[in-house]
Amino acid sequence: SYNFGSGTAVYGQYTMLNTRDSDSAVVPAGGSMWGTWLHPNALIDDNDVTSAKMTYDFDHDVFDLGIRKWMEVGSDLGMQIEAGLRYANMKQNIDIQYQNENLGSTADIRNKNDFSGWGPRLGLGLDWHVGRGVNLFSSVAGSLLVGDFDLSLSEIDNGVTTISNVEDSEDNRVVPVLEMRTGIEYAYQLENGMFVGAKVGYEWQNWFNMVTAQHFMDDVDAQLMYTDTTDVSLDGFFVEGFVNF
């Protein structure tokens, strides 16, 4: 960020989150396992799966550019208003493998959900000055992004037979974003007037309409699909460094 004086500054911020996880399951004794992602014409019947494994890969990049204004609302309380633009890119890949060990058959399914978009962002924050460079802070912000989704769903059985390969796109989808954070901050002023410091806290975000998953309607109509739209929620502890000059 760059401070113009009088509590006004311009800032740029980059946030990255990359994560990957997997899980597996086997058919219980005397029970059944359903392959809910299988194509109706899959070589494995959807109620005859003996084991399944899913891997989820999540890549998230956010760029923010804007202006901030600090105002004193009390001797130890400050308020911050910010406005700017946000660009976001979110990629979600789900890989599923179903097996029927009795038949020696496998089905490999890949679902891709990629989003990129931009839009305005507004925020409001409060800082309580404890003293000796220590502040307690909380903030809330909202964005309204407009962007495009690239979607795909494919299935390959026994490693060679392509059962389905569907690609689609959705343009100009509106994605509202709500963010909240709270924590503690420490800032140290250098001899040249610059401030360096760090923040530690907890953050929650909700990205509305961010998951667009395609599925086949049932195990009879091979040509019928439906789209399931849900949100992405992120929450956790964060550590953030900053330089103000």
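**View 1. Accessible surface of the protein chain in the predicted model.** The accessible surface comes to about 13800 Å² (Shrake-Rupley method, 1.4 Å probe), and carbon and sulfur atoms hold 55% of that area. In this predicted model, local features need pLDDT of at least 70 and side-chain atom pairs count only at pLDDT 80 or more, while totals for chains, interfaces and linings use all residues. Residues are numbered from 1 along each chain as its sequence is written, and side-chain values use heavy atoms, with hydrogens and water left out.

**View 2. Charged side chains of the protein chain.** There are 36 negative side chains (Asp and Glu) and 13 positive ones (Lys and Arg), with His and the chain ends not counted. The centres of the two sets lie 12 Å apart, each charge being placed at NZ of Lys, CZ of Arg, CG of Asp or CD of Glu.

**View 3. Strands of the protein chain.** The chain has nine strands and zero helices (DSSP runs, numbered from the N terminus: strands E, at least two residues; helices H or I, at least four). Along its principal axes the C-alpha trace spans about 75 × 40 × 25 Å.

**View 4. Surroundings of Gly119 in strand E5.** Strand E5 covers residues 105-131. Gly119 is buried (under 20% relative accessible area, 1.4 Å probe, protein chains only), because its relative accessible area is 2%. Leaving out residues up to four places away in sequence, Gly119 touches Gly84, Leu85, Arg86, Leu144 and Leu145 (heavy atoms within 4.5 Å). Leu85 is 34 residues from Gly119 along the chain, and their C-alpha atoms are separated by 5.7 Å.

Key:
Buried means under 20% relative accessible area, exposed over 50%, partly exposed in between (1.4 Å probe, protein chains only).
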